[in-house]
Amino acid sequence: CRAEDLCLGITAEQDQAHITLQLHFERAAFDDFLRRYPIEKLFAADVWPGAVCIFFQGDKLNPVVWGELGGECLPYQTTWRITSSEVMRSRQDEPGRYSPALEVKLRKAPHCRGAWPKIFGQCVQANLMAQRWREGQP
């Protein structure tokens, strides 16, 4: 599996205490993958105080997203979940259904709380899925 087979986009947001990264998936491809494998077999994340790397299991050399953070986080307090997101709903083949996303939430270190000027000092992402359909035509 590659990012361009599954991922529509990546978003990053921050509040005073957290950085939230979301990897947005094309629903049909995501559902097809989940019919064959548990979600834990899909992604992995390495989190350090000053960097994060999210990648497909077994393909760490080609991360979906890798970035040096604009501040420090507490790696041991990182959480993840699968959620539905509105951000890429319009890119789904059926906008009325859920829009799956992997959400990785990093807790900012106490001395780095507050708004960072930039979430990432440097960031690299993989090629993502091209839109394979036009409105009204899957």
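## Strands E2 and E7

Leu23 has Leu102 as its bridge partner in E7. That pair belongs to a longer match: strand E2 (residues 18–25) and strand E7 (residues 100–107) run antiparallel and are joined by 7 bridges. Strands here are DSSP runs of at least two residues (E), helices are runs of at least four (H or I), and both are numbered from the N terminus. Two strands count as paired if DSSP finds at least two bridges between them.

Keep in mind that this is a predicted model, in which local features need pLDDT of at least 70, side-chain atom pairs count only at pLDDT 80 or more, and totals for chains, interfaces and linings use all residues. Residues are numbered from 1 along each chain as its sequence is written, and side-chain values use heavy atoms, with hydrogens and water left out.

## The sheet around them

E2 and E7 sit within an open sheet of 4 strands, in the order E1-E2-E7-E6, with antiparallel pairing. At its edges are strand E1 (7–14) and strand E6 (79–84), each of which pairs on one side only. On average, neighbouring strands of this sheet are turned by 20 degrees against each other, direction ignored; the axes behind such angles are lines fitted to C-alpha atoms (for helices over the stretch in contact), and angles run from 0 to 180 degrees between N-to-C directions. As a reminder, strands of a sheet pair through backbone hydrogen bonds, either parallel or antiparallel.

Thr83 is a handy residue to look at in edge strand E6. Thr83 counts as buried, at 17% relative accessibility (buried means under 20% relative accessible area, exposed over 50%, partly exposed in between, with a 1.4 Å probe and protein chains only). Leaving aside residues up to four places away in sequence, Thr83 touches Gln22, Ser99, Pro100, Ala101 and Glu103, where contact means heavy atoms within 4.5 Å.

## Salt bridges in helix H2

Now to the charged side chains. The structure holds 5 salt bridges, each defined as a side-chain nitrogen of Lys or Arg within 4 Å of a carboxyl oxygen of Asp or Glu. One of them links Asp31 to Arg27, with the closest N and O atoms 3.2 Å apart. These two residues are separated by about one helical turn, because they lie 4 residues apart in helix H2 (residues 27–36). Both ends are buried: Asp31 has a relative accessible area of 15%, and Arg27 is at 5%.

Asp32 has two arginine partners in the helix. With Arg35, the N to O distance is 3.9 Å, and the residues are 3 apart in H2, so about one helical turn separates them. With Arg36, the distance is 3.2 Å, N to O, and a spacing of 4 residues again gives about one helical turn. Through these shared partners, Asp32, Arg35 and Arg36 join into one network. Asp32 is partly exposed at 34% relative accessible area, whereas Arg35 is exposed at 64%.

## How confident is the model?

The chain averages a pLDDT of 87, and 91% of the residues score at least 70; pLDDT is the predictor's confidence in each residue, from 0 to 100. Among the elements, strand E5 (residues 65–69) has the highest mean pLDDT, at 97, and helix H1 (residues 3–6) the lowest, at 83. Please read residues 131–138 with care: their pLDDT is below 50, and beyond near neighbours in sequence this stretch has 8 contacts in the model.
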